[in-house]
Amino acid sequence: MSKIIIATDSTCDLSQEIIQKYGIEMIPLYVNFGDKVYKDLEEMNIDKMYEKVSTTGVYPKTSAASPDDFYKFFKGLLKDDVEIIYLGIGSTLSSTLQNAHIALDEFSEDEQSRIHLVDSLNLSTGIGLLLLKAVTYKEEGCSASEIVEKIKALVPKVRTQFVVETLEYLHKGGRCSGMTRFIGTALRMKLLIKLTDGKLGVDKKAIGATKKALNLMLDDFYASLPDIDKEFLFVTHSNAIKNLGYIDEKISSIKDSFDNIFVTKAGCTISSHCGEGCIGILYIEK
């Protein structure tokens, strides 16, 4: 039986500890400050990113791994007895998956048959949930094709939502107009953003304290609780220590009902769009 490698990109927001524990391979995207380009996680993390924003006033942009990056990445992993399952940022959110498909054309037919590209239609630990499920199926002895089919069936069941504390990053990233940012900032507006069918959109708005928006997210989470797959739960944030403490307190009573609860820090990709202080609860419904 072929050895199966689960691969992803740096938008998955899994910690290095989780990446290493579950044997996941990762290719970086890029973080751009003007004409300077950095490899996400390898040369830039969110602490450095926010420091550069603070000192320069320049906001970051992100870019996909190139087809050549993917060719080298897959070539380095692909041995005679290896199959690769790549699961990264969704096709509706980035050109990353498209570039992986372009790279695939450079391989022989035999090699192509052993590289499986799956569209997560997701980002951050929404991808992470699918990756850990893929690892579970691998450990159960499933073949690569079986894992791919099982993951595809789970894609529409992933629930990804974040509370955004500042509108500045959404504005700089072109996802929020100047007028909306101005009015929203004046009213201290906090947004609950959800990902549906691979697209990000504002689900609910709260005026005033961030806790109001966090409570909206928690209300949705608790309403879904009976239908949530209890194997994995993620709380992912971008330097949102205070908000993390509040979420942790509010979910403390149900922690024992989950097999694994992971708290991770959002990487540069999600942080460059949602900004400092954003926090999300991510899970899979049955």
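A residue counts as buried when its relative accessible area is under 20%. In this predicted model, Cys-268 has 0% relative accessibility and is therefore buried. The points below concern the cysteines and strand E13, which covers residues 279-284.

**Cysteines**

- No disulfides are found in a search of the whole structure.
- Cys-268 takes part in no disulfide, and its nearest cysteine sulfur, belonging to Cys-278, lies 12 Å away.
- A disulfide requires two cysteine sulfur atoms within 2.5 Å. The closest cysteine sulfur to that of Cys-278 is in Cys-274, at 4.7 Å, and is therefore too far for a bond.
- Cys-278 also has a relative accessibility of 0%, so this residue is classed as buried.

**Burial of strand E13**

- Six of the six residues in E13 are buried, which means that the strand is largely enclosed by the rest of the structure.
- In a regular strand, side chains alternate between the two faces of the sheet.
- Ile-279, Ile-281 and Tyr-283 point one way from E13, while Gly-280, Leu-282 and Ile-284 point the other way. All of these residues are buried.

**Strand partners of E13**

- Strand E8, residues 158-164, pairs with E13 in the antiparallel sense through six bridges.
- Within E13, Gly-280 is the bridge partner of Phe-162.
- Strand E11, residues 232-237, also runs antiparallel to E13 and is joined to this strand by four bridges.
- Gly-280 of E13 is the bridge partner of Thr-236 as well.

Methods
Residues numbered from 1 in each chain as written. Predicted model: local features only at pLDDT ≥ 70, side-chain atom pairs only at ≥ 80, totals over all residues. Heavy atoms only, no water. Buried < 20%, exposed > 50% of the residue type's maximum accessible area, 1.4 Å probe, protein only. Helix = DSSP H or I, 4+ residues; strand = E, 2+ residues; numbered from the N terminus. Pairing = 2+ DSSP bridges.
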